[in-house]
Amino acid sequence: MQQRTVLEILEEKGKINVCAPMVRYSKLPFRELVRQYNCDVVYTPMILADVFKSSEFARETDFSTNARDDPVVIQFAANNGADLADAAELASPYVSGIGKYWIMLLSVDINCGCPQKWAIQEKIGAHLMSQPETVRDMIRTVKARLNIPCSIKIRVHPDLKETYEFVKRAESVGVDYITVHGRTKTMKNTEPANYDAIRFVKESASVPIVANGSVFSTADANEIYAKTNVDGVMSARGLLRNPALFAGYDYTPWECIERYIHLAVGYGTNHFIFHHHLMFMFEDVMSNSERKTFNTLASIPAILDHLETNWGLDVSRLV
Ligand SMILES: Cc1cc2nc3c(=O)[nH]c(=O)nc-3n(C[C@H](O)[C@H](O)[C@H](O)COP(=O)(O)O)c2cc1C
């Protein structure tokens, strides 16, 4: 299989559809699913670089991959270049737990957006938005030690001059592209994203910019392209609800749910994550009373039974 970097895909396609990093959710089965529906680039969930580098158990559980998981961007949370580069080195090349594929790590991303209290205390995630020098050093270290693209996923500052400085510092050490979540670190996901701020970053940056924030349909994506002129759009909650959104579906098609079940059962998935994914995908179509019943299903076989009885799932096709 020919592997291409995110930058090569950008060059070839002009614009890219990206599945966001999502803790618990953007794991191997989901990554494979969204690729079947027009996602060009897919992120792993955020992985803690210091834990990944020091624990073999973490490496086995946090990152599984295979030859179809391509192109994948592995996102790390780190607060220093050494941890980040050590973790990235350990992930590349990586033998997946599933087969014996040697996967080359194609791209590494630094999380500068996680706003959670524990992350700020660990000086990772959104804490880094006030530490442009640290982020610059991390990019420089990774680029010096590994010959791979390195991107950052940032939020915007209340004062866009700070965002401008942040971006320029990252560019000065060769950041390859930047994803901009159009919300500040104190804004909730329910608040509208600031696309003017994303356009400002796009106009001032010399590297490709991916826009993130409230992409729930291809119409949203097109509107963001028109407003910001970015090089790609990234969706998180939209893809959880409808993994087929970049293929133009307004609601999750049943066939997509079946494919997810097939992939999740085939790869093996924890019951809670399996349940959550299905709840997200059924959000627009399941009645309140069915949802109550669905929430009580305590195992994967119970969920499969329910879907076989109520939705005509053909369980025989899963084996
Ligand atoms: C369940 C969930 C998990 C997330 N995990 C991560 C993560 O691991 N790394 C990260 O940079 N952002 C993470 N985010 C933030 C999203 O990547 C994205 O920036 C945010 O949800 C805004 O995009 P949206 O409006 O399309 O949801 C997560 C968001 C959600 C909803």
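**Burial, strand pairing and domains**

Student: Is R68 buried, partly exposed or exposed?

Tutor: Within 10 Å of R68 there are 13 other C-beta atoms. A residue needs 20 or more to be buried and 12 or fewer to be exposed. The model is a predicted one. Because its count is 13, R68 is partly exposed.

Student: Where along the chain is R68, and how far is its C-alpha atom from that of L28?

Tutor: R68 sits in the loop that links α4 (56-62) to β4 (72-77). R68 and L28 are 40 residues apart along the chain. The separation of their C-alpha atoms is 9.5 Å.

Student: Which residue does a cis peptide bond join to D70?

Tutor: The bond in question has an omega of about 0 degrees. The partner is found in the loop between α4 and β4. The cis bond joins D70 to P71.

Student: How many residues of β4 are buried?

Tutor: One face of β4 carries V72, I74 and F76, and the other carries V73, Q75 and A77. Both faces are covered, with these residues all buried. The strand is therefore largely enclosed by the rest of the structure, and the buried count is 6 of 6.

Student: In which sense does β4 pair with β2, parallel or antiparallel, and which residue of β2 (41-43) stands opposite V72?

Tutor: β2 and β4 are joined over 2 bridges, and the pairing is parallel. In this pairing, the residue opposite V72 of β4 is V42.

Student: Which residue stands opposite F76 on the β3 side, and which is its bridge partner in β7?

Tutor: Strand β3 (residues 47-48) pairs with β4 in the parallel sense over 2 bridges, and I47 stands opposite F76. Strand β7 (residues 107-112) also pairs with β4 in the parallel sense, over 4 bridges. The partner of F76 in β7 is I110.

Student: How many of the residues of β9 are buried?

Tutor: Strand β9 covers residues 177-181. On one side Y177, T179 and H181 are buried, and on the other I178 and V180 are buried. Both faces are thus covered. The number of buried residues in β9 is 5 of 5.

Student: How many bridges join β8 to β9, and what is the handedness of the β-α-β unit they make with α8?

Tutor: Strand β8 (residues 150-155) and β9 run parallel and are joined by 5 bridges. One facing pair is K153 with T179 of β9. With helix α8 (residues 160-172), the two strands make a β-α-β unit that is right-handed.

Student: Which residue of β10 is the bridge partner of H181?

Tutor: β9 and strand β10 (residues 209-212) run parallel and share 4 bridges. The path from β9 to β10 passes through helix α9 (residues 195-204), in a right-handed β-α-β crossover. The partner of H181 in β10 is N212.

Student: What is the phi of N38, and what is the phi of K123?

Tutor: N38 lies in the loop between α2 and β2, and K123 in the loop between α6 (117-121) and α7 (132-145). N38 is partly exposed with 14 other C-beta atoms within 10 Å, and K123 has 14 such neighbours and is also partly exposed. Neither is a glycine, yet phi is positive: near 75 degrees for N38 and about 60 degrees for K123.

Student: Which helix gives the most residues to the side of domain 1 that touches domain 2?

Tutor: Domain 1 spans 6-247 and domain 2 spans 254-313, and 14 residues of domain 1 are in contact with 12 residues of domain 2. On the domain 1 side, α2 (28-35) and α11 (237-241) each supply at least two residues. That side consists of 10 nonpolar, 1 polar and 3 charged residues. The top contributor, with 5 residues, is α2.

Student: How many charged residues are in the shell around the ligand?

Tutor: There are 22 residues around the ligand, and A20, P21, M46, A236 and R237 come nearest. By class, the shell has 10 nonpolar and 10 polar residues, and the charged residues number 2.

Methods. Residues numbered from 1 in each chain as written. Predicted model: local features only at pLDDT ≥ 70, side-chain atom pairs only at ≥ 80, totals over all residues. Domains from an automatic or database assignment. Contact = placed C-beta atoms within 7 Å. Nonpolar A, V, L, I, M, F, W, Y, C, P; charged D, E, K, R; others polar. Pairing = 2+ DSSP bridges. Right-handed = clockwise from strand over helix to strand, strands pointing away. Near = placed C-beta within 6 Å.
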